[in-house]
Amino acid sequence: MKNPPIPRVDAADQVIGPTHHGDGHPPPRPAYATPVLATAANGRITRLDTAEAAAVPGVLLVLSYLDDPGSTADGHIMRDGQACQSPPPLPDDRVPYRGRTIALVVAETPVAAVQAAELVRTEYETNPDAAELDADTTETAPLPFLADVVVGDAHGAYERSPLRVDEVYEVVHQDQEHLAPLAVAARRLGRPVKLVPPPAHARHPAGPRPACRHRVRLGADRSGRLLAAIHEADQQASRYDPRPVTYTELTSRLYDIRNFRVRRRHIRTGPRPPGHLPTRFEHSTRFFADPPPSEHPAAFALESAIDEIACRAGRDPVELRLANAARVNPVTGEPLSSRPLAACLRRGAELFGWAARTPDPGSMHADDGTPIGWGVAAGAYGFVAHFAEVRVEPMGRVRVTRVVSVAARDRTADPVTAEAQVRDAVTWGIGAAVIDHDGINHDSLDLDGIDGDSIHADLIHAGLIQVDLIDLDLVDRSGRALNPMGARPFGEVTPAGVAPAIANAVFHATGHRPRRLPIRTEDLL
């Protein structure tokens, strides 16, 4: 059920400009700060000289661990503490990862702050390190509370299955913009301080979304009924904080698979610790009541493999998903409180016109001969079905021309906001599939953005203008209410499934199966 739609009274002002946000209320006499970032990893600072920086005209303060800034770690949440990410900036001489904030320069002008930051001299003592998941110097973080989940005989059932899929799917490391703590500098100066890092440095003080790799093995009978699932996920973790994710919970929620095994590993590497990120890419964890992030790569892996099983069985991808929809939790055996996914799939197929889809890859074309592909994928928690149409141009450029998304809702307190959240979530998912890329070589510890200014040159994100049409619908969820209001959030969880729907559509258009996100032109040529 839903309440009647009530437009926001401030909507027009928010869009056309009269509403003032943070920058619309400039503080009096602000000072400007620029961080100094470590250019080494897995070691310690042996020399930190700030004399030249402090001598630059207009410099008010240079903060580092040598000045006892009072920046101490409460401890990572996985280390019996409270923080989601550690260590904080400036606490000591350790440099666990490249890009850590080791000093902060505060000046009267942004130009002076940036100029002075470049004059801070450092020397390091380092140990061997690596960035990629397969490097010889990596190690696996022990996380006994994320032990393997085993139901039935997954390996035996897989080996006996007439139809099998065994593929690896990857999602690359991605960054965010972030503001470093400025409270100490502002307190010492007695005036407000604004952070003005050079563009190349903006993301380094913040926790990224880690790279991850998923090996998914699915076994099915010749009709496409799923018999076994083995999902093995490797995630990039720092040498300092584990920041664990669950990933594989999605595999146990969507489909009725009685022989099930998951394994999750966290591979310690050199980049900075993963952290909380907005859900454009959805990489993190449900472990701390934050469901969306881990669903995106998990959905990409599982829903791509499901599409491959459908192709091998000669079944329509929607029909195969409906035939295998879970009725009980395969891990616990408990009945699910509600199963709206089937309703979402059926409604989405109706709105999209799925019945007109021809099954063979490369069989649908626009009037100008451009290949057209239609794909579908699902997501759990908020239970959503996404249908995507793409056109793949001759040089491999993927254009998303249409998306239909149907999400399950409980009581909707604000339908206007709910639909806007889903629309934004779909846009994020499109970016995750074909657009969002930061231009950094994350297979190297020598990240471009520390020593150069090129980091933003290749950074592009999805916008609604790049999508011809997003059509939404919400279906009512029946079943046990989770709270007295009978409501639960679903805006953040709905991006999961968008990227695999697009990837499956790309396969339908071209016959090339994308197994890495974001999808790049070279993957299709």
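## Exercises on strands, loops and cysteines

In strand S5, Leu104 is the bridge partner of Leu63. Let us build on that pair. The model is predicted, so local features need pLDDT of at least 70 and side-chain atom pairs count only at pLDDT 80 or more, while totals for chains, interfaces and linings use all residues. Residues are numbered from 1 along each chain as its sequence is written, and side-chain values use heavy atoms, with hydrogens and water left out.

**Exercise 1.** Find out which strands pair with S5, and how many bridges each pairing has.

*Solution.*
- Step 1: Learn the terms. Helices (H or I, at least four residues) and strands (E, at least two) are DSSP runs, numbered from the N terminus. Two strands pair if DSSP finds at least two bridges between them.
- Step 2: Take strand S3, residues 59-64. S3 pairs with S5 in the antiparallel sense over five bridges, and Leu63 with Leu104 is one of the partnerships.
- Step 3: Turn to strand S1, residues 31-37. Six bridges join S1 to S5, again antiparallel, and Ala33 stands opposite Val106 of S5.
- Step 4: Check the surroundings of S5 (residues 101-107). Seven of its seven residues are buried, where buried means under 20% relative accessible area, exposed over 50%, and partly exposed in between (1.4 Å probe, protein chains only).

**Exercise 2.** Work out the order of strands S4, S2 and S6 in their open sheet, and which strands stand at the edges.

*Solution.*
- Step 1: The three strands form an open sheet in the order S4-S2-S6, with antiparallel pairing.
- Step 2: S4 (94-95) and S6 (121-126) are at the edges; each has a single partner strand, so one side of each is left without a neighbour in the sheet.
- Step 3: Look at one pairing closely. S2 (residues 43-49) and S6 are joined by six bridges, and Ile45 has Tyr124 in S6 as its bridge partner.

**Exercise 3.** Decide for Ser161, Arg339 and Arg29: is each one buried, partly exposed or exposed?

*Solution.*
- Step 1: Ser161 sits in the loop between helix H4 (154-160) and strand S9 (163-171). With a relative accessible area of 4%, Ser161 is buried. Setting aside residues up to four places away in sequence, Ser161 touches Gly219, Ala220 and Leu227; contact means heavy atoms within 4.5 Å.
- Step 2: Arg339 belongs to the loop between helix H8 (317-323) and helix H9 (341-352). Its relative accessible area of 23% makes Arg339 partly exposed. Beyond its neighbours within four places in sequence, Arg339 contacts Arg253, Leu254, Ala326 and Phe383.
- Step 3: Arg29 lies in the loop between helix H1 (11-16) and S1. Its value is 57%, so Arg29 is exposed.

**Exercise 4.** Look at the backbone: what is phi near for Arg29 and for Asn42, and which bond joins Leu517 and Pro518?

*Solution.*
- Step 1: For Arg29, phi is near 45 degrees, a positive value in a residue other than glycine.
- Step 2: Asn42, in the loop between S1 and S2, has a positive phi near 55 degrees and is also not a glycine.
- Step 3: Leu517 and Pro518 are joined by a cis peptide bond, with omega about -5 degrees. Pro518 falls in the segment after strand S18 (516-517).

**Exercise 5.** Find how many disulfides the whole structure has.

*Solution.*
- Step 1: Count as a disulfide a pair of cysteine sulfur atoms within 2.5 Å.
- Step 2: The search of the whole structure finds zero.
- Step 3: Compare two cysteines. Cys212 is buried at 2% relative accessibility, whereas Cys311 is partly exposed at 41%.
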